[in-house]
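Trainee: I should like to go through this model and ask, for each term applied to it, what justifies the term.

Mentor: Please do; let us look at it together.

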Amino acid sequence: RAAHQIFDHIAAGADDVEFVLRCSLLEIHREQLRDLLNPTNTGLKIKEAPQKGVYVEGITQEFVVCAADIMEIVRVGERMR
């Protein structure tokens, strides 16, 4: 539902605004971060920077253009758990 709301909001917005959406999926277990889109990606760290805000350094990011793309990423991540 949230994925559809994101894309509905974008569709209702101004035509002169461009959006770039990327999706990541991680699991935190016993204080360890796991990249669910690339399980071989280890040593992830949570960082904070004035320009970026809070982010996970090195996590896999997939570009998405529709709600179905997000749901596919969630399905892939669920299989990696």
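Trainee: Leaving aside its neighbours within four places in sequence, which residues is leucine 36 in contact with?

Mentor: This is a predicted model, and in it leucine 36 is in contact with Leu25, Leu26, Glu27, Val76, Gly77, Met80 and Arg81. Contact here requires heavy atoms within 4.5 Å. The place of leucine 36 is in the loop between E3 and strand E4 (45-49).

Trainee: What makes leucine 36 count as buried or exposed?

Mentor: Its relative accessibility is 4%. Buried means under 20%, so leucine 36 counts as buried. In addition, its C-alpha atom is separated by 8.5 Å from that of threonine 60, 24 residues apart along the chain.

Trainee: How do you know that strands E2 and E3 pair?

Mentor: Pairing requires at least two bridges. Four bridges join E2 (residues 26-29) to E3 (residues 32-35), and therefore the strands pair. They run antiparallel. As one example, glutamate 27 has arginine 34 in E3 as its bridge partner.

Trainee: What lies between the two strands of this hairpin?

Mentor: Two residues lie between E2 and E3. Arginine 30, in the turn, has a positive phi of about 50 degrees.

Trainee: How does the span of helix H2 compare with the expected one?

Mentor: H2 (residues 67-80) has 14 residues and reaches 20 Å from its first C-alpha to its last. That is close to the 20 Å expected at 1.5 Å a residue.

Trainee: Which residues of H2 are buried, and why are they said to be on the same side?

Mentor: The buried residues are Ala67, Ile70, Ile73 and Gly77. They cover an arc of only 120 degrees around the axis, which puts them on the same side of H2. These buried residues pack against helix H1 (2-12), strand E1 (21-23) and strand E6 (62-64).

Trainee: Why does the structure hold zero disulfides?

Mentor: A disulfide is a covalent bond between the sulfur atoms of two cysteines. The cut-off for the sulfur pair is within 2.5 Å. The sulfur of cysteine 23 is 11 Å from the closest cysteine sulfur, in cysteine 66, which is too far for a bond.

Trainee: What do the accessibilities of cysteine 23 and cysteine 66 make of them?

Mentor: Cysteine 23, at 15% relative accessibility, counts as buried, because buried means under 20%. Cysteine 66, at 30%, counts as partly exposed, because exposed requires over 50% and partly exposed is in between.

Terms used:
Residues numbered from 1 in each chain as written. Predicted model: local features only at pLDDT ≥ 70, side-chain atom pairs only at ≥ 80, totals over all residues. Heavy atoms only, no water. Expected span 1.5 Å × (residues − 1). Buried < 20%, exposed > 50% of the residue type's maximum accessible area, 1.4 Å probe, protein only. Arc of directions from axis to C-beta.
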